[in-house]
Amino acid sequence: MPNSAQTNMKDGANYAPVGQSVKVVEPNEFYFSVAYLDHGHINGQTNGLLQAGATLKYVYDTDEQRLAAFCEKYPQAIVADSFEQILQDSDTQLVASAAIPYLRAEIGIKVMQSGKDYFTDKSPFTSLEQLEKVKQVVAETKRIYAVYYAERLHNEAAWQAGELIKQGAIGKVLQVINLAPHRLAKATRPDWFFDKNCYGGILTDIGSHQVEQFLTYACIEDATINFARASNMNNQDKPGLEDFGEISMTGDNGASFYTRVDWFTPEGQATWGDGRTFIIGTEGNIECRKYNDVSRQAPASKLFLTNNEKEQEIDCFGKSAFPYFGQLILDVINRTENAMTQAHTFKAAELSMQAQALADSAK
């Protein structure tokens, strides 16, 4: 069964899934280091790499409290004296980071220019200018700029939905609908969380998760944005916060997409968000209840499949090895693109930022 790190579902900022261990490398065969712990997602990134067999070497942060908390969870980590120590370390092959969003691109550039690959929390950028600069550095260095799109990569039902689609369980995907409420927990958030210049807007931030799922499930390479909106609807005391957003897109193969992202998970809910995905295909449909099954089970990760052969409820919780992390490790070693192509990684971020820009222009 999942441990307490996985079942502590009230706090989305520190949600760190732990899956079944399927190691793709032996101990001390693949080293990664961690730097900048501003978001709790760094624990999920670290868990995923460790479960796949990677060896954690260094950790660096400027905040002593965050550093102490990380070392308590991962006592094998050596505290680095500086970020430069990690960049110069000959063992470290991959650097994982969850910095303040507007700093993530520049940190990644430093990592790649030092000859290492980079694994950042989403959103990977806060502006299209950052994206273009990173694209140029990727082309120059031939390094990987990977992104922790956790709502698919680190969720059992969401991952299994993709596997079923690849197997043809629901035919060609016609539409994806993602609903992504999150708990605000306003009193516990750092100041940067409420500064749009730091997080880039709700569509850039949470929306990048949702767009990435659309690209994957509908098997598309690009999309047209039909509609986008981002607002502060109920938190006027935090004018820099956008607490509600929505996007409509049409994929390059005609598939339809709608997402709603928000910070309105009520306190009475057992988990930090009732994330749901509805996928309609030519031969069936899938519903994912990613984090809970309201009033029936929490935490939970369930998938409901209906096609021309059957209807089925599939309990996915605690039953995944989260293959992305092993695939990423092997991509770093073999210089392949099996975990996620660089084009796909960038396109999810690009479309979410374009949607944000459209929403901003309408204000």
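Here are two worked exercises on how helices and strands pack in this predicted model.

Residues are numbered from 1 along each chain as its sequence is written. In this predicted model, local features need pLDDT of at least 70, and side-chain atom pairs count only at pLDDT 80 or more, while totals for chains, interfaces and linings use all residues.

**Exercise 1.** Work out how the axes of helix 5 and helix 6 cross, and which residues meet.

*Solution.*
Step 1. Find helix 5 at residues 104-113 and helix 6 at residues 128-141; helices (H or I, at least four residues) and strands (E, at least two) are DSSP runs, numbered from the N terminus.
Step 2. Their axes come within 10 Å and cross at roughly 5°, where axes are lines fitted to C-alpha atoms, for helices over the stretch in contact, and angles run from 0 to 180 degrees between N-to-C directions.
Step 3. Helix 5 is therefore roughly parallel to helix 6, a label for angles under 35 degrees.
Step 4. Now look for contacts (heavy atoms within 4.5 Å): among them, Ile109 and Met112 of helix 5 take part, as do Val134 and Val137 of helix 6.

**Exercise 2.** Trace the order of the eight strands in the open sheet, then find its edges.

*Solution.*
Step 1. The order is 8-9-10-7-11-12-13-14, with mixed pairing; two strands pair if DSSP finds at least two bridges between them.
Step 2. Strand 8 (223-231) and strand 14 (311-315) each pair on one side only, making them the edge strands.
Step 3. Zoom in on strand 9 (residues 244-251) and strand 10 (residues 256-262), which pair in the antiparallel sense over seven bridges. Here Thr250 has Ser256 in strand 10 as its bridge partner.

Conventions: Heavy atoms only, no water. Parallel < 35°, antiparallel > 145°, perpendicular 65-115°, else oblique.
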